[in-house]
Amino acid sequence: SDGLNLPIEEGDYGLTEVREGAGYVKHAYFSKRGKLKGEYFSINTPVELYPFGARYVDLEIDVICRPGEKPVISDREELAVLVKKGVISNLLERKAVETAEDLVRKMG
């Protein structure tokens with residue numbers, strides 16, 4: 001499944017949770033019987049909700065959590081590339097890392 005590097009089996013499904021103002025989007029993946037296979041949180045700019053959907057910028061860095069394992073931060077390098085290319089500021093990079101570290105603390 002996406003972001004978790006787990007095999008996708010027939011009947012698996014995902015739920016994406018988007019909250020206005022949140023600095024992340026939560027993706028949870030389940031087997032067809034409803035057993036949680038894993039979660040990942042993509043860190044982004046604060047979510048803006050509109051009648052047609054949600055708007056935010058994915059900041060590449062993610063927090064991955066598989067059942068029975070401690071949550072881990074992934075894709076820090078991709079976040080650093082955004083800064084090097086001038087796509088985002090150092091301030092936004094720091095905020096993204098803080099958001100990821102905060103999620104790890106809360107889930108750990």
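# How the labels were earned

Reader: Why is Arg 105 called exposed?
Author: Arg 105 has a relative accessible area of 60%. The word exposed asks for over 50%, and 60% passes that mark, so Arg 105 is exposed. Do keep in mind that this is a predicted model.

Reader: Thanks! What makes Arg 105 and Asp 102 a salt bridge?
Author: A side-chain nitrogen of Lys or Arg has to lie within 4 Å of a carboxyl oxygen of Asp or Glu. The N to O distance in this pair is 3.5 Å, so Asp 102 and Arg 105 qualify. Both residues lie in helix α2, 3 residues apart, or about one turn of the helix.

Reader: What makes Lys 106 and Asp 102 a salt bridge?
Author: Here the N to O distance is 3.1 Å, and the cut-off is 4 Å, so this pair passes too. Lys 106 and Asp 102 also both lie in α2, 4 residues apart, again about one turn of the helix. Side chains of opposite charge can pair when their charged atoms come close.

Reader: How do you know whether Asp 102 and Lys 106 are buried or exposed?
Author: Lys 106 has 66% relative accessibility, and the limit for exposed is over 50%, so Lys 106 is exposed. Asp 102 stands at 30%. Buried means under 20% and exposed over 50%, so Asp 102 falls in between and is partly exposed.

Reader: Moving along the chain, what makes Asp 12 and Lys 37 a salt bridge?
Author: Their closest N and O atoms are 2.7 Å apart, and the limit is 4 Å, so the pair counts. Asp 12 sits in the segment before β1 and Lys 37 in strand β3, so this bridge ties together parts that lie 25 residues apart in sequence. Asp 12 and Lys 37 also belong to one network with Glu 9, joined by salt bridges that share partners. In the whole structure, 8 salt bridges are found.

Reader: Why is Lys 37 called buried?
Author: Its relative accessible area is 16%. Buried means under 20%, so Lys 37 is buried. Asp 12, at 22%, counts as partly exposed.

Reader: How do you know that there is a negative surface patch, and which residues form it?
Author: The patch is formed by Asp 58, Glu 60, Glu 77 and Glu 78. Patch residues need over 30% relative accessible area and no salt bridge, and like charges are joined within 9 Å. Glu 77, in helix α1, has 55% relative accessibility and counts as exposed. Glu 60, in strand β6, has 32% and is partly exposed. Both values are over 30%, so both residues meet the area condition. β6 and α1 each supply at least two residues of the patch.

Reader: What is notable about phi of Glu 60?
Author: Glu 60 has a positive phi of about 75 degrees, although it is not a glycine. Asp 75 is another non-glycine residue with a positive phi, near 65 degrees. Asp 75 is found in the loop between β7 and α1, and with a relative accessible area of 28% Asp 75 is partly exposed.

Reader: Which residues make the nonpolar surface patch?
Author: Val 18, Leu 49 and Tyr 56 make it, and the patch covers about 220 Å². Take Leu 49, in strand β4: 39% relative accessibility makes Leu 49 partly exposed. A patch residue needs over 30%, so Leu 49 meets the area condition.

Reader: What makes up the largest nonpolar core?
Author: The core has 14 residues, and among those with the most contacts inside it are Ile 43, Ile 61, Leu 79 and Leu 103. β3, β6, α1 and α2 each supply at least two of its residues. The largest share, 4 residues, comes from α2. Core residues must be buried, and buried means under 20% relative accessible area.

Reader: And why is Val 83 called buried?
Author: Val 83 lies in helix α1 and has 17% relative accessibility. That is under the 20% limit, so Val 83 is buried. The C-alpha atoms of Val 83 and Pro 71 are separated by 25 Å, with the two residues 12 apart along the chain.

Terms used
Residues are numbered from 1 along each chain as its sequence is written. This is a predicted model: local features need pLDDT of at least 70, side-chain atom pairs count only at pLDDT 80 or more; totals for chains, interfaces and linings use all residues. Side-chain values use heavy atoms; hydrogens and water are left out. Patches are made of residues with over 30% relative accessible area and no salt bridge: like charges are joined within 9 Å, nonpolar side chains (Val, Leu, Ile, Met, Phe, Trp, Tyr) within 5 Å. Accessible areas come from the Shrake-Rupley method with a 1.4 Å probe; for residues, only the protein chains shown count as cover. Lys and Arg count as positive and Asp and Glu as negative; His and the chain ends are not counted. The place of a charge is taken as NZ of Lys, CZ of Arg, CG of Asp or CD of Glu. Buried means under 20% relative accessible area, exposed over 50%, partly exposed in between (1.4 Å probe, protein chains only). A nonpolar core is a set of buried Ala, Val, Leu, Ile, Met, Phe, Trp, Tyr and Cys residues joined through side-chain atoms within 4.5 Å.
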